[in-house]
Amino acid sequence: MIAEFEARILALIDDMVDTAGDDELFASGYLRGHLTLAVAELEHGSDHSPEAVYANVSSSLEKAIQAGELSPRDQALVLGMWDTLFKQAQEK
């Protein structure tokens with residue numbers, strides 16, 4: 001189930017590549033890394049729900065923000081895109 005959900009989100013990211021601007025391309029690439037890492041961590045546990053994926057990616061992003069990896073503008077862009085992608089993946 002977790003791999004299928006990850007694949008849905010990655011497909012959504014791939015679908016936007018042709019029409020995305022620089023900001024969206026940055027955010028989607030940044031999210032792809034956090035998503036892949038979060039799913040890899042979850043595969044070793046027992047909770048493979050979409051909510052666990054959301055929580056792990058959100059936690060990973062928060063750590064990156066606290067470490068100063070993203071400007072305030074990029075934070076808003078990445079977090080907004082993550083929320084949108086998650087909601088779209090749940091609807092599929």
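Me: What makes F86 count as buried in this predicted model?

Reply: Its relative accessible area is 8%. Buried means under 20%, so F86 qualifies.

Me: And why is Y54 called partly exposed?

Reply: Y54 comes out at 28% relative accessibility. The partly exposed class lies between 20% and 50%, so Y54 falls into that class.

Me: Why are Y54 and F86 called a tilted aromatic pair?

Reply: Two numbers settle that one. Their ring centres are 4.7 Å apart, and rings pair if the centres lie within 6.5 Å. The planes are at 50°; stacked needs under 30 degrees and edge-to-face over 60, so tilted is the class that fits. The structure holds five aromatic pairs, and ring pairs link Y54 and F86 with F5 and W82 into a cluster.

Me: How do you know that the Y54 and F86 pair links distant parts of the chain?

Reply: Look at where the two residues sit. Y54 is in helix α3 (residues 50–66) and F86 in helix α4 (residues 72–91), and 32 residues separate them.

Me: Why are α3 and α4 called roughly antiparallel?

Reply: They pack at an angle of about 175°, with axes 11 Å apart. Over 145 degrees counts as roughly antiparallel, so the label holds for α3 and α4. On the α3 side, the contact includes Y54, V57 and L61, which meet α4 residues including L79, W82 and F86. By class, that contact has 10 nonpolar, three polar and two charged residues.

Me: What makes α2 and α3 oblique to each other?

Reply: Helix α2 (residues 22–42) packs against α3 at about 125°, and their axes are 9 Å apart. Roughly perpendicular stops at 115 degrees and roughly antiparallel starts over 145, so an angle between those limits counts as oblique. That is the case for α2 and α3. The crossing of α2 past α3 is right-handed.

Me: Which residues make the contact of α2 with α3?

Reply: Among them are Y30, L31, L35 and V39 of α2, along with V53, V57 and L61 of α3. The split for this contact is 11 nonpolar, three polar and one charged.

Me: How do you know that R73 counts as exposed?

Reply: R73, which is in helix α4, has 52% relative accessibility. Exposed means over 50%, so R73 counts as exposed. The C-alpha atoms of R73 and E24 are separated by 12 Å, with the two residues 49 apart along the chain.

Conventions
Residues numbered from 1 in each chain as written. Predicted model: local features only at pLDDT ≥ 70, side-chain atom pairs only at ≥ 80, totals over all residues. Heavy atoms only, no water. Phe/Tyr/Trp six-rings, centres within 6.5 Å; stacked < 30°, edge-to-face > 60°. Helix = DSSP H or I, 4+ residues; strand = E, 2+ residues; numbered from the N terminus. Buried < 20%, exposed > 50% of the residue type's maximum accessible area, 1.4 Å probe, protein only. Axes fitted to C-alpha atoms, helices over the stretch in contact; angles between N-to-C directions. Parallel < 35°, antiparallel > 145°, perpendicular 65-115°, else oblique. Contact = heavy atoms within 4.5 Å. Nonpolar A, V, L, I, M, F, W, Y, C, P; charged D, E, K, R; others polar. Left-handed = near helix turned anticlockwise from the far one by under 90°.
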